[in-house]
Amino acid sequence: PHHRDHPLPANDRVRNVQQRVLADDWFVLKKTSFDYRHSNGQWQRLHRETYDRGDGATLLLFNRERGTVVLTRQFRFPAFANGLPDGMLVEACAGLLDDEAPQAAIRREVQEETGFRIHMPRKVFEAFMSPGSVTERLHFFVAEYEAQDRVDEGGGDASEGEDIEVLELTLDKALLMVRSGAIQDGKT
């Protein structure tokens, strides 16, 4: 599994934490009950479900001279289940850390998904993407690419069910796709 079972940090506003595992299949879903002290000093019993899928990394490949970016397109069942008719999302390359350092993980993911070998990914920030229910912290990177950096076709790991199309677009077209709704992926 990709989750980490680590102790909760000390916090004088959280006490009496009780956790119960609801599912431990692909990732871990827990139901947690705890007492929370509000800013007015009052304690309240709260219940939350958290989905732990591990942390991840994402990277935007760009070519400054040509004004292009490399993105991927793949089927995402949750998007399909939430009304996206074909379930296909255009995204920046991303993946889980799988116990690797973020920079090593994103190098691996970029080559698996896009076929580009990158040398100097630059971290720009990290963020919690859906902090109301998902524990994942995502590390955001950028890297420049040249045509000769493409060492294979990419397409993802077929044994994991990945079937990824690699797209090279102008940055202007990608930004228009964000505005028109053709790109709906939050990390991208």
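**Entry 1. Contacts and the chain as a whole**

I take contact to mean heavy atoms within 4.5 Å. The model I am consulting is a predicted one. With that meaning in hand, I looked up the contacts in the chain with a separation of 6 or more, and found that residues 24 or more positions apart account for 55% of them.

I then listed the secondary structure, which comes to three helices and ten strands. Following the sequence, I wrote down the pattern β-β-β-β-β-α-β-β-α-β-β-β-α. For the extent of the C-alpha trace along its principal axes, I noted about 60 × 35 × 35 Å.

**Entry 2. Surface and charge**

I looked up burial next: of the 188 residues in the chain, 34% are buried. The area that the chain exposes is about 11700 Å², and I noted that carbon and sulfur atoms supply 50% of this area.

For charge, I recorded 24 positive and 32 negative side chains. The centres of these two sets lie 9 Å apart.

**Entry 3. The largest pocket**

I recorded a volume of about 1600 Å³ for the largest pocket. Its lining consists of 38 residues. Nearest the centre of the pocket I found Trp26, Arg53, Arg76, Pro78 and Glu91.

Which element gives the largest share of the lining? I found that it is α2, with four residues. The elements that each supply at least two lining residues are β5 (68–75), α1 (77–81), β6 (88–91), β7 (93–96) and α2 (102–114).

**Entry 4. Glu109**

I stayed with helix α2 and looked up Glu109, which is found there. Is Glu109 buried or exposed? Its relative accessibility is 7%, and buried means under 20%, so Glu109 counts as buried.

I also listed its contacts, leaving aside neighbours within four places in sequence. Glu109 is in contact with Cys93, Ala94, Gly95, Leu96 and Thr114.

**Entry 5. Val124**

I turned to strand β8 (residues 122–128), where Val124 is found. Val124 has 37% relative accessibility. Since partly exposed covers values between 20% and 50%, Val124 counts as partly exposed.

What does Val124 touch, not counting residues up to four places away in sequence? I found Phe140, Phe141 and Val142. For Phe140 I also looked up the separation: Val124 and Phe140 are 16 residues apart in sequence, and in space they are 5.8 Å apart, C-alpha to C-alpha.

Definitions and conventions: Residues are numbered from 1 along each chain as its sequence is written. This is a predicted model: local features need pLDDT of at least 70, side-chain atom pairs count only at pLDDT 80 or more; totals for chains, interfaces and linings use all residues. Side-chain values use heavy atoms; hydrogens and water are left out. Buried means under 20% relative accessible area, exposed over 50%, partly exposed in between (1.4 Å probe, protein chains only). Accessible areas come from the Shrake-Rupley method with a 1.4 Å probe; for residues, only the protein chains shown count as cover. Lys and Arg count as positive and Asp and Glu as negative; His and the chain ends are not counted. The place of a charge is taken as NZ of Lys, CZ of Arg, CG of Asp or CD of Glu. On a 1 Å grid over the protein atoms alone, a cavity is a set of points where a 1.4 Å probe fits but cannot get out, and a pocket is an open set with protein on both sides within 12 Å along at least five of seven lines; lining residues have an atom within 4 Å of a point. Grid points are joined across faces, edges and corners, and a volume is the space filled by probe spheres set on the points.
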